[in-house]
Amino acid sequence: MIDQELNQYPFSQLGEAGRRRLQEGTDLAYYEPDDIILDAASTSDSVFLVHKGSVAELDVNAPDGRRQVGVYAAGDLFGAISVLNGQSRYRFRAEQQTLCYLIPAGLFRELCESEVEFGRYFSQRLAEKNQRLAERREGGVTLAGFMLARVEACMREPLIMPEQATVRDAVTALKQHGVDSVLIQHQQHYAIVTKTDLLTALVMSNQSPDTRLAEVAETELVTARPGDYLFAALTRMTRHKVARVVVMEKGVAVGVVELTDVLSFFSSRSYVVGLEIEKADTLEALQLASARLPDLVETLMAQGVKMRFAMDLLAALNGRLMSKAFEMVVPGDQQRACLMVMGSEGRGEQILKTDQDNGLILGEHQQWSGCDQDMQRFTRTLLSLGYPPCPGSVMVSNPQWTGPVSRWQQRVQDWAGDPGGKGLLNLTILTDAHAVAGDPGLLETVRDTLFSRCSDDQLLMAHFARPVLQFATPLNLFGSLKKPLHGIDIKKGALFPLVHGVRAMALQCRIRETSTLARLDKLVAAGAMEPGFAEDLGEAMELFSELRLSRQLAKLQGEDETVEDNHIVVQQLSSLERDVLRDALHLVSEFKQRLSRRFHLEY
Amino acid sequence: MDIQTLTYLFVGGSFALYIGIAIWSRAGSTKDFYVAGGGVSPIANGAATAADWMSAASFISMAGIIAYSGYDASVYLMGWTGGYVLLAMLLAPYLRKFGKFTVPDFIGDRYYSNVARTVAVICVIFVSFTYVAGQMRGTGIVFARFLEVNVNTGVVIGMAIVFFYAVLGGMKGITYTQVAQYCVLIFAFLVPAVFLSIMMTGHVLPQTGFGGTVLDAAGNDSGVYLLHKLDQVVTDLGFTEYTEGSKSTIDVFFIAAALMCGTAGLPHVIVRFFTVPRVKDARISAGWALFFIALLYTSAPAVGAFARLNLIDTVNETQYTELPEWFYNWENSGLIGWVDKNGDGAVQMRAGAPFEGKPTYAGSREETKGSYGERVLTNAPTDNSSEVYIDRDIIVLANPEIGNLPAWVIALVAAGGVAAALSTAAGLLLVISSAISHDLLKKTLMPGINEKQELLAARGAAVVAIVIAGYFGINPPGFVAQVVAFAFGLAAASFFPVILMGIFYKRMNKEGAIAGMLVGLIFTFSYIVFFKFVSPELNNAEHWLLGVSPEGIGTFGMMLNFAVAFAVSRVTAPPPEHIQHIVEDIRIPRGAGEASAH
């Protein structure tokens, strides 16, 4: 066995004697493409270490198209768990011409026993793998199923009625077809009437059954396209607080997706969380729903859901949670005040619950005498929902972060005039603000002021962007990854410069979106960035977030207490992961250079 | 240790220090994400500004010019110091409020015109180029002497180091690297100055030693003032009196004003004021910077005087074979030349040039040895009795050797010279590359280029700038001083009035600005070209307009610029409403009274 592999984790845990035995006892084997290296349910007499080529891990019991479980490339190890378990659960098949080192099962077991650290690594992996497997069975949705389901798989034929139809006609039709909503068509436009709308019209507003449907219909439709991910449609429903989306194709309504349909499609406990939040009418119910979020995150990650979707879903859920809490705490006549969340919550990029960063914008003539007390209560409520307080006190309980529009506008002026003090930090926080409850127009007014004051002020923008260069990218002089034993700080070295750089560019280009990925799209549209580069940055961002999240989850489960927050120990990554990480860091490095030029940071 | 080893040690050590600071300041992972005020104290910022400001010209050449020209050279002291004050007080605070980084950006936006922007860009590039060329020559001389290579090779080494430092290193933006450079620079300048002051006058401060009395050989006060002695010595040799200027008062005034206004627009220093986020801190920094600059500028006249006196004492009437080692070393570098006109084997220092042009040698010392072992020159000798050429730029570097100071002081001065050249050259290169890539290409000529292309253009511009500057460093066009005068004169005549009126006169419109710039530019350009290049034989006070030399004519051009711009703006339409509003707003400190205004 060559030394390169021996220096990798977990082999680097071996002592001198262990290494020598390994070197002496290992064979090299060659496989043609499609050779089955280790079949499912067979006993394995070796552990395999890929030297060259790649190997697919397949679940033979899964339906076609959803079989692949994992891929192993140079430097990766497989079959260890099969040895420890007695037999292999999956089939391992060579994808290309592949060279593997074979470590005899007997030798491997001996090493696990004699070398404590080495053995612990595998026993942990085993436990982890079993747990994930259990979740998968319970969740009922496979990775592929979750990722690939499209809206069209789950939509119903729309029930379309002419615009002259009456409420009576609609009720009859609904009952006859067993559906919950009906579309009415007016030339090219559609409107929707739901059961709730009908009930409201008949019972609450006392309208006659002969009222024309057009009068009770909702014309602002939440729509999706047939090719959209079902997942995205679900997110949209949650965000807009509706129970159905209309599926449009080339301007024609081709279907309706009902929330209940989506839920039954997935039939997973995960999605029930969203429903629970919607249904919650007491604080206790909300707390229960909120407590399930961490589980949901873990399940999503275990299922390999794409980071982008997971972030969107969680941002929507968190937003609904806060907005519900807001409705419960704030008196009904004051609810047009705009509650905004900031920081990573504002960008919709937090996965696990982070500190509450929020603020409140009141309408210009809004009289709210008990505002301070109500907001204190709101902050306490969020605390009870599991959102820790913000250490910098960027919270509605702090009067510095509440007030009418004009006061916010004055604040923007003050902050921009004092970039040396706290001003810059506050501007940075405000730039990420996203409205979750009340009138979002208020936030947009404040944002207009932010743009007109900051976007064209090159000096201010330079100070705004400067923190991007604060931390070195963890690459060495020759462009390969730094490998300190305590790990590299993925937040300071990679995630922060990326997020902050995109934020600075968004502020400069007056982009209202707050999530980094959406900002990248808009930057491309505005011509401020080439499409290819923006796409690469987006992928890098997802990679860093994933790495960071997996660290955080590991920490939550009490593993590896020695490694600091946000730190990735490069030695523990597979060589494939390392390559990807290195490329992504080079991208960050290039991005920093571009930002230096754009914002004149070289001086 | 010999001087050469020590020099390697000091220059290498100072580099290690700069790089170390850069790495340390970026790698710290304990820092917060956002540091209020950039986390840099105003004193540090002042020192960094001073390092940007003081170039190789200040460090190496200024004392040399003073040593040779005496009183006449004081225009440089006044002009450059005044320029800094003008910049710090009159321009920077308002440009800062306008929110634009570069002078061309300011002019382009204030006068809502790409023509005005382009004229400003060209001026910036031209002024910066001349300045960089001077830095290249400076580093070249340092390396030539201490690595014992030819001055041309020295310039090439300097080019490589500046390129690495400015373009690849990304160290420019780190304040503490600049602070370290200032410390090395000022230490290197003051240590020999203090040593010499004590040895020659008994004063610790060179500033007071300059006005003090000289000590005799036994170390007792001779009662003769330094400047009196110097006047005596130089007039004995046929030079004009050291403390008596040869320029007319009006000429001195005009030259100083042109240097002042030309320097005030130097882009790489303006930028330094912008890197401090807080207005109050920026002001305090500017004060400290003035103090730090004054430390060097007030010592320079003393250094010049000590050097002149020592030089004459050591070299004049000494047998060539008995000269100290440094004389031969500088001769090897090509910066000293001796021609034994009277054949007595001794060196005579007299007024006038010993031969025509810069020294050119027949070959290396080994190949063509003169009768006393000197390097043989191919220049045609003049018919006066002056025998020796000593490049003015070596005065500061050779000073410690001439004064017999310890070897480590000599090595320290080398490190200081490199530090002075590096920070300024790097700053100017950035300005040139961003003026070309951002102001010229992106904003004017090719708005369609993307970020990546802009970055490439910037890199390319920096490389081209270094190569051209290096070329002029190797082949100084025989009229470096003229080109510098040209640069500052043009800067003063073109964009200084436009910036000033852009800030203080809201009625100034683009027609006025462009007309003013063009008139100032064309007038100054033609005057200089006529006297310097077309009819150099007429270049004397009799033919000058009002007795103003081409070096000072920029001031006249500036006045014309003001007058024309004012007149034209009165007869054309006023600038758009929003521009007038911005100009009014610029002069009100932000935050004051704004609350009530809205």
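Strand 1 of chain A and strand 8 (residues 98-104) of chain A run antiparallel and are joined by five bridges; helices (H or I, at least four residues) and strands (E, at least two) are DSSP runs, numbered from the N terminus. Within this pairing, D27(A) has L102(A) of strand 8 of chain A as its bridge partner. The model is predicted: local features need pLDDT of at least 70, side-chain atom pairs count only at pLDDT 80 or more, and totals for chains, interfaces and linings use all residues. Residues are numbered from 1 along each chain as its sequence is written, while chains are lettered from A and ligands numbered from 1 in the order in which they are written.

**The sheet around strand 1 of chain A**

- Strand 1 of chain A belongs to an open sheet of four strands, in the order 1-8-3-6 (chain A), with antiparallel pairing; two strands pair if DSSP finds at least two bridges between them.
- At the edges sit strand 1 (27-31) and strand 6 (77-78) of chain A, each pairing on one side only.
- Helix 4 (residues 105-114) of chain A lies across strand 3 (46-52) and strand 8 of chain A, at about 60 degrees to strand 8 of chain A. Axes here are lines fitted to C-alpha atoms, for helices over the stretch in contact, and angles run from 0 to 180 degrees between N-to-C directions.

**A mixed sheet in chain A**

- Another open sheet of four strands in chain A follows the order 17-16-15-18, and its pairing is mixed.
- Its edge strands are strand 17 (402-404) and strand 18 (434-437) of chain A.
- On average, neighbouring strands of this sheet are turned by 30 degrees against each other, direction ignored.
- Three bridges pair strand 16 (residues 358-362) of chain A with strand 17 of chain A in the parallel sense, and I361(A) has G403(A) of strand 17 of chain A as its bridge partner.
- Helix 18 (residues 405-417) of chain A lies across strand 16 and strand 17 of chain A, at about 110 degrees to strand 17 of chain A.

**Nonpolar cores**

- I361(A) turns up again here: together with L185(B), I361(A) touches the most other members of the largest nonpolar core, which has 296 residues.
- A nonpolar core is a set of buried Ala, Val, Leu, Ile, Met, Phe, Trp, Tyr and Cys residues joined through C-beta atoms within 7 Å. Buried means that 20 or more other C-beta atoms lie within 10 Å of a residue's own, with C-beta atoms placed from the backbone.
- Helix 16 of chain B supplies the largest share of this core, 22 residues.
- Beyond its neighbours within four places in sequence, I361(A) is in contact with residues including V405(A), W408(A) and L442(A); contact means C-beta atoms, placed from the backbone, within 7 Å.
- A second, separate core has 27 residues, among them L198(A) and F231(A).

**Domains**

- Chain A is divided into domain 1 (3-122), domain 2 (151-265), domain 3 (268-454) and domain 4 (465-598), with bounds from an automatic or database domain assignment.
- Chain B is divided into domain 1 (3-25 + 42-311 + 407-476) and domain 2 (317-402), whose C-alpha centres lie 28 Å apart.
- Where they meet, 27 residues of domain 1 of chain B are in contact with 19 residues of domain 2 of chain B.
- Helix 3 of chain B gives the most to the side of domain 1 of chain B that touches domain 2 of chain B, with eight residues.

Conventions: Two residues are in contact if their C-beta atoms, placed from the backbone, lie within 7 Å. A residue is buried if 20 or more other C-beta atoms lie within 10 Å of its own, exposed if 12 or fewer, and partly exposed in between; C-beta atoms are placed from the backbone.
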